[in-house]
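Hi everyone, thanks for making time this morning. I'd like to walk you through a protein model, starting with its empty space and working outwards from there. Here it is on the screen.

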Amino acid sequence: MSRRTSLLAIGAALLCAALAGYYLFVAPTAGPTTSLFEFSDPPLSAPQQAGSAVSASRVVPPTLAAVASGETPPPPPSTAELQAAHMELRATLVNIICTAPPKSGLHSISASGSIVTGTGYIITNAHVAQYFLLPRKGVSCKLRTGNPAQVAYEAQVAYLPARWVGDNMGVLVDPAPHGTGERDFAILAITGSATKTPLPPQFPYISLASLPPVAKTWVVIGTYGAEMLSLTQIVSALSPTIAVSAVKSLFTFGTSTVDVLTFGGSVAAQEGSSGGSVLGLGGTLLGVVTTSGAIGTSADRSLSALSAPYIRREYQAQTGESLDMLLSRAPTEALASFAPQARALEALILTTLPPAH
């Protein structure tokens, strides 16, 4: 299938999809706030006192408490640092677009991800990656790159936390899904080209950080935000959204670890940004966008990301091995190892879905 034919097919599927939600996990406030693609959560924007709790969502129960940070905030970024970060994000950011058949009961989605190894591993959200497990429901997922985004790669799930699936049953058909973002991460592996262009010998990538940032750290956030676009524009004219921000607050799912980074309103706080990159000016991936308080203009909203150290800790807690071990394997090996779990998770998700009409 040619790139033009592929894009037209995606456009047709999107235009036939139910206009329901873009997925960033939207804050549980009055009235539906999503539109065709992303997931959002509790806003987490108001600073909390250490030890206090953010009210739990109806999907995921953990307490989120503020983590004190007494370190001196870094200085503002230079123009050269911002330009370098911008170029790095443009090279490593991917748009994840999954289309569901009409009357399937599923929403088509557009979201984001980051290439984190030269071999083609991508980190995104679990609520996005679960779509890759549903080809038997007629769901088709592609990776797009560039400006505007164009179909580039095929991918499969190399890791998705089973506990996230168990804790979030039914979100695929929820018109306004939300949660705290706990365990909402996944690893995809690029498996082939979706065009006639062969895969590169090595992909550009951003390494996942090992240490958390301090409050007020300057970052550059990269996503394929799609909320302000029509469906036709998403298919043919979707461009990366790049925003400069600073870490507003640090939160934990436990007692003192830095698990969630929050940011004030910016153009990145829009639907389509799930799985987006939070890049430190040192060139490492500090976090992965997962939730947003998607009410009002983008300047009025909050944005949250899982910290890279949290993702590393949670992966090791669930699997007994370091995330670096997974990322060091050949993608074919990782996919073969995860295949039995992928089939089990697919079966579990299918039990929650309505029959196709």
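Let's begin inside: the largest cavity has a volume of about 60 Å³. Please keep in mind throughout that this is a predicted model. The structure holds 1 cavity of 30 Å³ or more.

Which residues line the largest cavity? Going along the chain, they are Gln-130, then Trp-164 and Val-165, then the run Asn-168, Met-169, Gly-170, Val-171 and Leu-172, and finally Ile-349 and Thr-352. In terms of class, that lining has 6 nonpolar and 4 polar residues, with no charged ones. If you wonder how one finds such places, rolling a probe the size of a water molecule over the atoms shows where empty space is left.

Now to the open kind of space. The largest pocket has a volume of about 270 Å³. It is lined by 16 residues, and those closest to its centre are Phe-132, Leu-133, Pro-135, Gln-156 and Val-157. Three elements give two or more residues to this lining: S7, strand S8, which covers 150-159, and helix H8, which covers 331-350. Which element gives the most? That is H8, with 5 residues. By class, the pocket lining divides into 11 nonpolar, 2 polar and 3 charged residues. So, for those of you who like to think in side chains, charged residues do appear in the pocket lining, whereas the lining of the largest cavity has none.

Let me zoom out for a moment. The protein has 8 helices and 16 strands. Of its 357 residues, 57% count as buried. Among contacts with a separation of 6 or more, 73% are between residues 24 or more positions apart.

Next, the barrel. Here 6 strands close up in the order S4-S5-S6-S9-S8-S7, with antiparallel pairing. From one strand to the next, the twist averages 45 degrees. Helix H2, residues 79-92, packs on the sheet and touches S4 and strand S5, residues 109-115; the direction of H2 makes about 35 degrees with that of S4.

As a reminder, strands of a sheet pair through backbone hydrogen bonds, either parallel or antiparallel. Let's go round some of the pairs. Strand S4, residues 93-99, and strand S7, residues 140-145, are antiparallel and share 5 bridges. In this pair, Cys-98 stands opposite Cys-141 in S7.

Strand S9 is worth a stop of its own. On one pairing, strand S6, residues 121-124, is joined to S9 by 4 bridges, and the two run antiparallel. Ile-123 has Ile-187 in S9 as its bridge partner. S8 is also antiparallel to S9, with 6 bridges joining them, and Ala-155 stands opposite Ile-190 in S9. Is S9 enclosed or open to the outside? It is largely enclosed by the rest of the structure, because 6 of its 8 residues are buried.

On to a few backbone details. Most residues other than glycine have a negative phi, and most peptide bonds are trans. With that in mind, have a look at the bond from Asn-147 to Pro-148: it is cis, with omega near 0 degrees. Pro-148 is found in the loop between S7 and S8.

Two residues other than glycine also have a positive phi. Arg-183, in the loop between helix H4 (162-167) and strand S9 (186-193), has a phi near 60 degrees. Lys-216, in the loop between S9 and strand S10 (218-223), has a phi near 75 degrees. Which of these is buried, and which is partly exposed? Arg-183 is buried, because its relative accessible area is 8%, under the 20% cut-off. Lys-216 is partly exposed, at 45%.

Last stop: Ser-307, in strand S16, which spans residues 302-307. Ser-307 is buried, with a relative accessible area of 0%. What is in contact with Ser-307, leaving aside its neighbours within four places in sequence? The list is Val-258, Asp-259, Leu-261, Leu-286 and Gly-287. Ala-209 is 98 residues away from Ser-307 in sequence, yet the C-alpha to C-alpha distance is 8.6 Å.

That's my tour. Thanks for listening, and I'm happy to take questions.

Note on methods
Residues are numbered from 1 along each chain as its sequence is written. This is a predicted model: local features need pLDDT of at least 70, side-chain atom pairs count only at pLDDT 80 or more; totals for chains, interfaces and linings use all residues. Side-chain values use heavy atoms; hydrogens and water are left out. On a 1 Å grid over the protein atoms alone, a cavity is a set of points where a 1.4 Å probe fits but cannot get out, and a pocket is an open set with protein on both sides within 12 Å along at least five of seven lines; lining residues have an atom within 4 Å of a point. Grid points are joined across faces, edges and corners, and a volume is the space filled by probe spheres set on the points. Ala, Val, Leu, Ile, Met, Phe, Trp, Tyr, Cys and Pro count as nonpolar, Asp, Glu, Lys and Arg as charged, and the others, Gly among them, as polar. Buried means under 20% relative accessible area, exposed over 50%, partly exposed in between (1.4 Å probe, protein chains only). Contact means heavy atoms within 4.5 Å. Two strands pair if DSSP finds at least two bridges between them. Axes are lines fitted to C-alpha atoms, for helices over the stretch in contact, and angles run from 0 to 180 degrees between N-to-C directions.
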